[in-house]
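Me: I would like to learn how to read a model of this kind, feature by feature. Could we take the general idea each time and then the case at hand?

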Amino acid sequence: MIPAMPIPVDCPACNTRLRAPDGAAGMTLSCPRCQTPVPVPAAAGAPRAPSPPAPVPRPPSRPAPPAQHPPRSSPPERQARGPAPRRHDPTGNGCLTALAWLFALIALVGIVWLLLVPPG
Ligand SMILES: [Zn+2]
């Protein structure tokens, strides 16, 4: 433990030597003789014990970036990908697409046929 050492302070008004207690370092004392406020310098050589500027630890508001991707999202994503294409089948959308493709193929074949075999 650091023994309480009085800090010698000279009153700027009357030059009276004050003995500020160690705990008064950095504070202002009133001169007992002329009542002039005398600022007490921080204890020279001694570390500031009374009020250490403790750095406030940052609260972990955001734990970690990977938290954005919880393990929950990955499994449903897989499932979503699976059933997604399946939906087209029962609704007949797949049939419609196949029909559209068939028509496109027929049209293409027809165009090619017309180009290759001009009538007349
Ligand atoms: Zn004084």
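Me: How many of the 24 residues of α4 are buried?

Reply: The general idea is to count neighbours, since a residue is buried if 20 or more other C-beta atoms lie within 10 Å of its own. In this predicted model, the number of buried residues in α4 is zero, so the helix lies largely in the open.

Me: What should the 24 residues of helix α4 span, and how far apart are its end C-alpha atoms?

Reply: The expected span is 1.5 Å times one less than the number of residues. For α4, residues 93-116, that rule gives 34 Å, and because the end C-alpha atoms are 34 Å apart, the expectation and the model agree.

Me: Where does α4 fit in the overall order, and what pattern does the protein follow along the sequence?

Reply: One reads the elements from the N terminus onward. Here there are four helices and four strands, and their order is β-β-β-β-α-α-α-α, with α4 covering residues 93-116.

Me: What percentage of the 120 residues of the protein count as buried, and what percentage of the contacts between residues at least 6 apart in sequence join residues at least 24 apart?

Reply: Burial and contact range are two separate readings. Of the 120 residues, 4% count as buried; among contacts between residues at least 6 apart in sequence, 20% join residues at least 24 apart.

Me: Which residues other than glycine have a positive phi?

Reply: For such a residue it helps to read the backbone angle together with its place in the chain and its surroundings. Asn-15, whose phi is near 60°, lies in the loop between β1 (7-10) and β2 (17-20), and it is exposed, with 10 other C-beta atoms within 10 Å. Gln-35 has a positive phi of about 60° although it is not a glycine; it lies in the loop between β3 (28-30) and β4 (37-39), and its 11 other C-beta atoms within 10 Å make it exposed.

Me: Is Gly-26, in the loop between β2 and β3, exposed or partly exposed?

Reply: The exposed class ends at 12 neighbours and the buried class begins at 20. Gly-26 has 15 C-beta neighbours inside 10 Å and therefore counts as partly exposed.

Me: Which residues does Gly-26 touch, leaving aside those up to four places away in sequence?

Reply: Gly-26 touches Val-40 and Ala-42. Gly-26 and Pro-39, for their part, are 13 residues apart in sequence, and their C-alpha atoms are 7.0 Å apart in space.

Definitions and conventions
Residues are numbered from 1 along each chain as its sequence is written. This is a predicted model: local features need pLDDT of at least 70, side-chain atom pairs count only at pLDDT 80 or more; totals for chains, interfaces and linings use all residues. Helices (H or I, at least four residues) and strands (E, at least two) are DSSP runs, numbered from the N terminus. Two residues are in contact if their C-beta atoms, placed from the backbone, lie within 7 Å.
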